[in-house]
Amino acid sequence: MAAQGKVEHEVAKKKIKPWRDGNALASPEKNHKLSLIPMRAALIARQFDVPGRLVSVEPYGSGNVNDTYLAIFRTTFSEQRFVVQRIRKSVFPEPEAIMQNMRVLTDHCHTKLEAEIDQSDRIWQLPKIIQTKGGEDWVTDAEGDLWRAISQIASAQAFESVKHPEHAHEVGYVLGHFHRMVSDLPPTLLRYALPGFHVTPGYLAKLDANKTPSRARDLLQASPEAKRALLFVEERRARCSVLEDALQRGELKLRTTHGDPKVGNVMIDEATGRGTCIVDLDTVQPGLVHYDIGDATRSACNPAGEDAANLSSVIFDLELFTTIYRGYQSHAKDFLSQNDHRHLFDCIHLIPLELGIRFLADHLAGDTYFKVRYPGHNLRRALVQFKLVESIEAREASIRKILG
Ligand code: GN1
Ligand code: MG
C-alpha cells in the first residue's frame, strides 16, 4: 500500500530509523546513527498546520514510488497523527498537478460524502489535505522536492494481499463506490499528473527501447527467465492496444479514475471489517474505468500477492473474482454502459500484462522507477504478473460467464 494505514509488510520501516522528539535536530552530525531523511521529514512536518509538538516521524507503508512517513503531534490533551509524503520527481514530472487534482477530487467527494451520510450504509472516509501554516496545499524543500501532508484514516487497516472472499467483496464495493462518487466529476477538471499512465502501447514501446542497450543485453544473456518473459510479451503484443483502440473508436470514454486501486490501497475498518476508504490519490486523473477494474482484479484475485515467493501459487481465483465483481456491481449498475461491459474481460487480462511489462522494462533499465528490495526484484514481480495472465487466459470462459 502506498500511503495510509497499518500495513502488514513494512520492510521500509526496518531500514530507515525513525526521528523521535529529543534528538538534536540542529546538529545532525551528533546523530550519525539517524537517517537524514526522517530528520528532513521532521523539519517539513512542522510546517503544516497541526496543533501541539512533534513527537515522532517514521517511515510508513510499503509504496513502490513515493517516500511516506507517519508524523505524531501531541498536546497535553490530544494527539494528531498524519501522513507526510515526498513525491518522487523522477516519476511524477509535475508534482503540483497531483496536488491540484487531489484538491479538486477531495472537495468534490467530501461534499458528496457529507450530503449522503444519512442514506449511507457506513461511514466512508477519504484523506484530507492538511495545509501549511501559511495556507498552502504543499511545501517545496531546498532540493525542489514537493512534500504534502494528509489526514490519517481512523481505525482502519490495509493488507498487501487479499485475505478471504469477503475482503475481495469489500475491495470491489469500495472501488464501485469511488467510481459512482466521481461519475459526475468531469475528467476535464483534472490534469494528467502521470502522462501515459495505463496506456499499454506506451509501456510496450518503453520495453522495446529498454531491451537494446548493452547493459540490458547482458542481463538478458544471463537470465533465461528474462528472455522467456520477453517472449511471453511478444506473443501478446497485438492485444496490448485493445483498450486504447476502443477509446479511439469512441466505444469507451474518459472518466475520472483512481489509477491504483490495488488491495493495499483499500482500507478496511477495524471495527466493522468493512471497507471504509480508498487511499493513495496520486494517480487520480482522466482515464478508463477499465484501468481501475483490471488493476483491482489483478490484485484482489491473486491471493499469493505481488511478491509471491512461489510462482506456482499464483492464480486468478474465480471465487475471489465472483465476490469482487459482485461488490463492484452493487454500485456500478448506474454508470457502466454496454460498451463498457463488453470490454471488461479485456481489462482483466490487460492490466496484469501491462504491470508485468512495466516491471520487466524497469528491470532492464536498472530499477530506476519502482523501488526494489533485492537485485532481480522487478524481474520476479514481472514473472508473478505473467503467471497471473496465464491463469486468466486459462479461465477466460469462466470469467466471461461470471461477467454475464
Ligand atoms: C506503484 O507506489 P505504489 O505502490 O502506490 C505504481 C502502480 C503499480 C503498483 C504495483 C505511480 O504504486 O501503478 O500498480 O506500484 N504507481 C505508479 O504495486 O507507478
Ligand atoms: Mg500508488
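1. In this predicted model, the domain assignment divides the chain into domain 1, which is made up of residues 2-93 + 136-151, and domain 2, which covers residues 156-403. Taken over C-alpha atoms, the centres of domain 1 and domain 2 are separated by 29 Å.

2. Where does ligand 1 lie with respect to domain 1 and domain 2? Because both domain 1 and domain 2 give residues to the shell around ligand 1, the ligand lies between them. Among the helices, α9 (289-300) and α12 (344-365) each supply at least two residues of that shell.

3. The shell around ligand 1 consists of 18 residues, of which the closest are Asn64, Lys262, Glu306, Arg358 and Tyr369. Sorted by class, the shell holds eight nonpolar, seven charged and three polar residues.

4. Several polar contacts to oxygen atoms of ligand 1 can be named individually. A polar atom in the side chain of Tyr369 lies 2.5 Å from an oxygen atom of ligand 1, and an N or O atom in the side chain of Arg358 is 2.7 Å from an oxygen atom of the ligand. Val65 takes part through its backbone, with an N or O atom 3.1 Å from an oxygen atom of ligand 1. The protein covers 97% of the 440 Å² of accessible area that ligand 1 has on its own.

5. As for the space that holds the ligand, ligand 1 sits in the largest cavity, and residues from both domain 1 and domain 2 contribute to the shell around it.

Notes: Residues are numbered from 1 along each chain as its sequence is written. Chains are lettered from A and ligands numbered from 1 in the order in which they are written. This is a predicted model: local features need pLDDT of at least 70, side-chain atom pairs count only at pLDDT 80 or more; totals for chains, interfaces and linings use all residues. Side-chain values use heavy atoms; hydrogens and water are left out. A residue is near a molecule or strand if one of its heavy atoms lies within 4 Å of it. A polar contact is a pair of N or O atoms within 3.5 Å; within protein, one must be able to donate a hydrogen and the other to accept it, and residues adjacent in sequence count only if both atoms are side-chain atoms. Accessible areas come from the Shrake-Rupley method with a 1.4 Å probe; for residues, only the protein chains shown count as cover. On a 1 Å grid over the protein atoms alone, a cavity is a set of points where a 1.4 Å probe fits but cannot get out, and a pocket is an open set with protein on both sides within 12 Å along at least five of seven lines; lining residues have an atom within 4 Å of a point. A molecule sits in a cavity or pocket if more than half of its atoms lie within 2 Å of its grid points. Helices (H or I, at least four residues) and strands (E, at least two) are DSSP runs, numbered from the N terminus. Ala, Val, Leu, Ile, Met, Phe, Trp, Tyr, Cys and Pro count as nonpolar, Asp, Glu, Lys and Arg as charged, and the others, Gly among them, as polar. Domain bounds come from an automatic or database domain assignment.
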